[in-house]
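Here is a short tour of one structure, written to be read with the coordinates open beside you. Take a look first, and then we can walk through the packing together.

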Amino acid sequence: MMWDSRSVVGYMTVYIVLWISREDIYTAGWFGSTVKENVFVEKGQALEAAGQLVDALAHYKHALEENPSNYLVQFRCGMVCIELGLSKQAMKFLDQAYELQPDFTEAIVERGSVHLKLGDLQSAKDDFNLVLRREPSNREVKLRIQQINGLKQDIPFAKLLFKQKDYAGCREALDQALALCTWDVMLREIRAECYLTEGKYGKAIADIRATLRHRRLKAPAYLKLSIISYDIGDTGNSLINIRECLKLDPDHKECDSHYRKVKTLVRLMDAAEENRNEMQNARCMKKAHTMLQIEPDVQYYVRKAKAFLCHCHLPTSIMDALTACDFVLDEQPDNIQVRMARADISMEIANDKLHQAMADYLYIKSRTEDNNHAGDGLKKTKELVKLFDKRDYYRILGLDRFASYGDIMQAYKTFAMVWHPDKFKGDNKKKAEKMFLDITAARDVLSDQRKRDTYDRGVDPLTPGY
């Protein structure tokens, strides 16, 4: 087949018309675009429509590498960055789109919106006024300017409420301001402090975390996040955040100091828990006391240390253990493990603590199902109450259940000098005889280890027929 020059020109003209009619070529900037650029733009549009914004942004950036002067792609990058919450990148792309095409009003509007989100009210108002000079009837922009004028009054008022320690009022005012100034770092930090005073730690953490993308210095934010997590006993997240701080600034003194403190406490708590499980009470107590030295103020760690002291006690420290149990249960009455420990200790002490033990065992049984330990403890406590109601040998000698042999004999001698019938100076001889029989019986039982063990199990070895 022979081709003449007119046929060749005709076919080439059709091909060029078809080629330039592609939508992505028009949006990319007509003949200034390249095939690779068009492919990246088309793929970016598809990804953006599918909600895959990170990948869409990557493709748009590749398109800009091919043609940096494409203002529409610069704008699309800015819009995707806004969706991703990347304020600094969004501003850079919108600035570039405006510089490349000064008449591109939409870029000015979106840039003003970014300024507003960041809390830069004057820059936002300047952009919106620029649009109004071009489009005096633009209702959206007029509304934004009205909102900015309101914010210029609301934000100083919220700060005044914070200064006056009206944290609830301040937070309510900031809720309205942050609906518009979503990325304002300072306002979120103030609201986070309000949440902390209300004990709403999760919301405070969320506010501070939301500032990370929009602040130049991130280390202080990570330190704050770590401290809040630490204060509520979330040592895992505390360590995660403090490590982020140290990644950004390895020489940050406050972050380094806090990191060492958290690491030490975590190590002590883990070791104390292991000692407790292995019934190494002396080691467990030592670590609990060290915890209290390192952190005497934050209630979570004080309670944790006291709980270890409640569980891990020695015969010589049993009253201190009981005090530690009481401390924890005053703040956490539903702590079943600590309540069980207190019940066991109270039963060991016996005397006037048996009714406390009984109450604790009953409480545990009402909150748990098939708790054999509580059931056995309750049964034994009732037996001891019944026995001691008859004759409490420890109380007769004025001793606790941990008295030594020497304590027992010394107490017996002291009381014998008072109640021996031959030495009693009062008129009630019958009372003296009864008291002397009781203290003698108490000495006989408690000074004999076998009889004492039997008595501590709830059986009086002097009972006839035993």
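## The nonpolar cores

This is a predicted model, and a good place to begin is its interior. The largest nonpolar core has 50 residues, and the members that touch the most others are Met291, Val338 and Ile345. If you select Ile345 and leave out residues up to four places away in sequence, you will find that Ile345 touches Cys310, His313, Ile318, Ala321, Leu322 and Cys325.

There is also a second core, separate from that one, with 25 residues. Leu121, Ala173, Leu174 and Leu187 are among them.

## Two helices that cross

Two of the residues just named, Val338 and Ile345, come up again where helices α17 and α19 meet. Helix α17 spans residues 299-311 and helix α19 spans residues 336-349; their axes come within 9 Å and cross at roughly 35 degrees. The crossing of this pair, α17 and α19, is left-handed.

Which residues make the contact between α17 and α19? From α17 come Ala307, Cys310 and His311, while α19 supplies Gln337, Val338, Ala341, Arg342 and Ile345. Cys310 is also one of the residues that Ile345 touches.

## Aromatic pairs

The model has 7 aromatic pairs. One of them joins Tyr71 and Phe104 in an edge-to-face arrangement, with 5.3 Å from centre to centre and 75 degrees between the planes. The two residues are 33 places apart and sit in distant parts of the chain: Tyr71 belongs to helix α5 (residues 71-84), and Phe104 to the loop between α6 (87-100) and α7 (105-118). Are these two rings buried or exposed? Tyr71 counts as partly exposed because its relative accessibility is 25%, whereas Phe104, at 13%, counts as buried. Ring pairs also bring in Phe75, so to speak, as a member of a cluster with Tyr71 and Phe104.

Another pair, Tyr394 and Tyr455, is tilted, with centres 6.1 Å apart and 45 degrees between the planes. Tyr394 lies in helix α22 (residues 393-396) and Tyr455 in helix α25 (residues 449-456), so this pair ties together parts that are 61 residues apart in sequence. Tyr394 is buried, with a relative accessible area of 0%, and Tyr455 is buried at 0% relative accessibility too.

## Charges over rings

Two rings are worth viewing from above. Lys92 lies over the face of Phe93, 4.8 Å from the ring centre. Over the face of Tyr412 lies Arg443, at 4.3 Å from the ring centre.

## A buried histidine

His115 is part of helix α7. With a relative accessibility of 14%, His115 counts as buried because the cut-off for that class is under 20%. Setting aside neighbours within four places in sequence, its contacts are Met91, Asp120, Ser123, Ala124 and Asp127.

## Positive phi in two loops

Most residues other than glycine have a negative phi. With that in mind, have a look at two loop residues. Lys165, in the loop between α9 (139-163) and α10 (167-178), has a positive phi near 65 degrees. Its relative accessible area of 61% makes Lys165 exposed.

Asp370 is found in the loop between α20 (354-367) and α21 (372-390). Its phi is positive as well, at about 50 degrees, although Asp370 is not a glycine. Asp370 is exposed, with a relative accessible area of 74%.

Note on methods: Residues are numbered from 1 along each chain as its sequence is written. This is a predicted model: local features need pLDDT of at least 70, side-chain atom pairs count only at pLDDT 80 or more; totals for chains, interfaces and linings use all residues. Side-chain values use heavy atoms; hydrogens and water are left out. Rings of Phe, Tyr and Trp (its six-membered ring) pair if their centres lie within 6.5 Å; planes under 30 degrees apart count as stacked, over 60 as edge-to-face and the rest as tilted. Helices (H or I, at least four residues) and strands (E, at least two) are DSSP runs, numbered from the N terminus. Buried means under 20% relative accessible area, exposed over 50%, partly exposed in between (1.4 Å probe, protein chains only). A charge sits over a ring if NZ of Lys or CZ of Arg is within 6 Å of the ring centre and within 35 degrees of the ring normal. A nonpolar core is a set of buried Ala, Val, Leu, Ile, Met, Phe, Trp, Tyr and Cys residues joined through side-chain atoms within 4.5 Å. Contact means heavy atoms within 4.5 Å. Axes are lines fitted to C-alpha atoms, for helices over the stretch in contact, and angles run from 0 to 180 degrees between N-to-C directions. A crossing is left-handed if the near helix is turned anticlockwise from the far one by less than a right angle, and right-handed if clockwise.
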